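Me: I am new to this structure and would like to go through it step by step. Could we begin with a term that will be needed later?

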Protein chains: 2
Amino acid sequence: MTPTTLNSEALAQKLAHSGLRNTPQRELVYSALLTRRDHPTADEVYARVRTELQGISLATVYNCLETLVQCDLVRAVNFERGPTRYCPNLAPHAHFHDEATGATFDIDLPPDLLGKIKDVLPPGYDAEAVDIIFRGKTTATR
Amino acid sequence: MTPTTLNSEALAQKLAHSGLRNTPQRELVYSALLTRRDHPTADEVYARVRTELQGISLATVYNCLETLVQCDLVRAVNFERGPTRYCPNLAPHAHFHDEATGATFDIDLPPDLLGKIKDVLPPGYDAEAVDIIFRGKTTATR
DNA sequence: AAGGAACTTAGAATAGTTCTAAATCTCACT
DNA sequence: AGTGAGATTTAGAACTATTCTAAGTTCCTT
C-alpha cells in the first residue's frame, strides 16, 4: 500500500464516516496539501490543483478545504491578518513563522509540554486546544 | 496623577519618540482600548469613539490603531478568521478564546514559562515572540 | 430510468481593510 | 500674526479573502 493509497483511503473513510462522498476534487485538494507540507492559502491550493483538473473552481477549493477541516484531516490556521492557511499535520505541533520570508515551519513538541502549559490556566478555564506560534527569524544553519 | 493622565502621557511620550504627534483621535482610540480591556475589533472601537467624537472616520480608527501598534502600545491579535482584534495589555500573556461566546480573556504566564517553551525550538530558529492561544470553554465558576 | 440528495460551478455579494486625493491642522520660523 | 512644510484626518473608492446563490451535474437507490 503506497502512502498515496493510504491517504486516499483515510480520506474516503473519514468522509464516509460523516456521510459524505469522495470526489476527485476532494482527493486532489487533499493531496495538494500532503505532497507539499507547506501551509498554503486557498488561492495557492487552487493554483496547484488547477494544473491537474483544469475546470475546478475556486469555490470548490474553499468547499473542499472546509470539508477536510470538518473531517479532522486538516487544520485551518490563522496567525496573522490575511488569508487562512491549511495544515495537514494532525500531530500536536507548534508553528514557527519566519517574519522575514513569511514561511511557516512545523515544530514538534515534547509530549508533556502541552499538559504543562495548560496548567497555567486558572480554575474554570477548560482548554480543548492550545496553539503555539513562534515569530522570528531562521538562521542559515537551519 | 490619575491613571488617565498617566496613560495619556505614556501615549504622548511614545508618539514623540517616533516623531509623531499626539492628536485627540489617537488619545480617544487608545483610551477606548484601556477603559474596557476586552479585545475589540476596529469596528467596535469605531462605535465607541464615535460617541465622543462624532465626526471621526473609520479610516482614522484604522490609522490610529496601526500607529499604536507601531509605537508598541497595543498588540494586534488574529487567532481566527475574521477581523483583527486589539489588546492594550503589553505584559507577556496568553489568550483564552471561549468558543461558545467568542469572548477572549488574558491569561497571565509564570515568568519562566516562555523561556521553557522556547527551548523546544531546534537550532537555527530564533523566536522573538511566542503567542499562546487556548481554545475551549469557560465554566460558571470563572 | 426516475427521483433525490450530494456536489460542483460561475458569478454576485459581503466583510474587513487599505488606498487615494483633497482638506485640515500644527509647528517652526519669520 | 503670517507662511510654508509636513503630519493628520477624512470620505469614498478600491481591493482581498471569503461566502452565498442558483443552476447544472453526478451518483446512488429504487
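Reply: Certainly. For two axes, angles of 65 to 115 degrees count as roughly perpendicular, those under 35 degrees as roughly parallel, those over 145 as roughly antiparallel, and the rest as oblique. Please also note that this is a predicted model.

Me: At what angle do α2(B) and α4(B) pack?

Reply: The angle between α2(B) and α4(B) is about 75°, and their axes lie 9 Å apart. The two helices are therefore roughly perpendicular to each other.

Me: Which residues make that contact?

Reply: From α2(B) come B:Gln25, B:Arg26, B:Val29 and B:Tyr30, while α4(B) contributes B:Thr60, B:Val61, B:Cys64, B:Leu65, B:Thr67 and B:Leu68. In the contact of α2(B) with α4(B), 6 residues are nonpolar, 3 are polar and 1 is charged.

Me: Stepping back, how many helices and strands are there in chain A?

Reply: Chain A has 5 helices and 5 strands. Along the sequence they follow the pattern α-α-α-α-β-β-β-β-α-β. Taken along the principal axes, the C-alpha atoms of chain A fill a box of roughly 50 × 40 × 30 Å.

Me: In what order do the strands of the open sheet come?

Reply: The order is β4(A)-β3(A)-β5(A)-β5(B)-β3(B)-β4(B), so named for 6 strands in an open sheet with mixed pairing. At the edges are β4 (104–108) of chain A and β4 (104–108) of chain B, each of which pairs on one side only. From one strand to the next, the twist averages 30°.

Me: Starting at the chain A end, how do β3 and β4(A) pair?

Reply: Strand β3 (residues 93–98) of chain A pairs with β4(A) in the antiparallel sense, over 5 bridges. Within this pairing, A:Ala94 stands opposite A:Ile107 in β4(A). The two strands β3(A) and β4(A) form a hairpin with 5 residues between them, and A:Gly102 in the turn has a positive phi of about 80°.

Me: And β3 with β5(B), parallel or antiparallel?

Reply: Strand β3 (residues 93–98) of chain B and β5(B) run parallel and are joined by 4 bridges. One residue to look for is B:Asp98, whose bridge partner in β5(B) is B:Gly136.

Me: What about the pairing of β5(A) with β5 of chain B?

Reply: β5(A) and strand β5 (residues 125–138) of chain B pair in the antiparallel sense over 13 bridges. There, A:Lys137 stands opposite B:Asp126 in β5(B).

Me: How many residues does the contact take from each chain?

Reply: The contact takes 32 residues from chain A and 32 residues from chain B. On the side of chain A that touches chain B, α5 (113–118) and β5 (125–138) of chain A each supply at least two residues. The largest share of that side, 14 residues, comes from β5(A). By residue type, the side of chain A that touches chain B has 17 nonpolar, 7 polar and 8 charged residues.

Me: What turn lays chain A on chain B?

Reply: A turn of 180°, with a shift of 0.0 Å along the axis, lays chain A on chain B with an RMSD of 0.0 Å. That is the relation of a two-fold axis. The same surface serves both copies, as 100% of the contact residues of chain A recur in chain B.

Me: Which residue of chain A comes closest to the rotation axis?

Reply: Of the residues of chain A, A:Ile132 comes closest, with its C-alpha at 2.4 Å from the rotation axis.

Me: Changing topic to the DNA: which residues come nearest to strand C?

Reply: Of the 21 residues around DNA strand C, the nearest are A:Thr23, A:Gln25, A:Ser57, A:Thr60 and B:Thr84. The largest share of the surface near DNA strand C, 4 residues, comes from α4(A). That surface near DNA strand C divides into 8 nonpolar, 9 polar and 4 charged residues.

Me: And which come nearest to DNA strand D?

Reply: Around DNA strand D there are 22 residues, of which A:Thr84, B:Thr23, B:Gln25, B:Ser57 and B:Thr60 come nearest. Here α4(B) gives the largest share of the surface, 4 residues. The residues of the surface near DNA strand D comprise 8 nonpolar, 9 polar and 5 charged.

Note on methods
Residues are numbered from 1 along each chain as its sequence is written. Chains are lettered from A and ligands numbered from 1 in the order in which they are written. This is a predicted model: local features need pLDDT of at least 70, side-chain atom pairs count only at pLDDT 80 or more; totals for chains, interfaces and linings use all residues. A residue is near a molecule or strand if its C-beta atom, placed from the backbone, lies within 6 Å of it. Ala, Val, Leu, Ile, Met, Phe, Trp, Tyr, Cys and Pro count as nonpolar, Asp, Glu, Lys and Arg as charged, and the others, Gly among them, as polar. Two residues are in contact if their C-beta atoms, placed from the backbone, lie within 7 Å. Two strands pair if DSSP finds at least two bridges between them. Copies are superposed by least squares on the C-alpha atoms of residues with pLDDT of at least 70 in both. Axes are lines fitted to C-alpha atoms, for helices over the stretch in contact, and angles run from 0 to 180 degrees between N-to-C directions.
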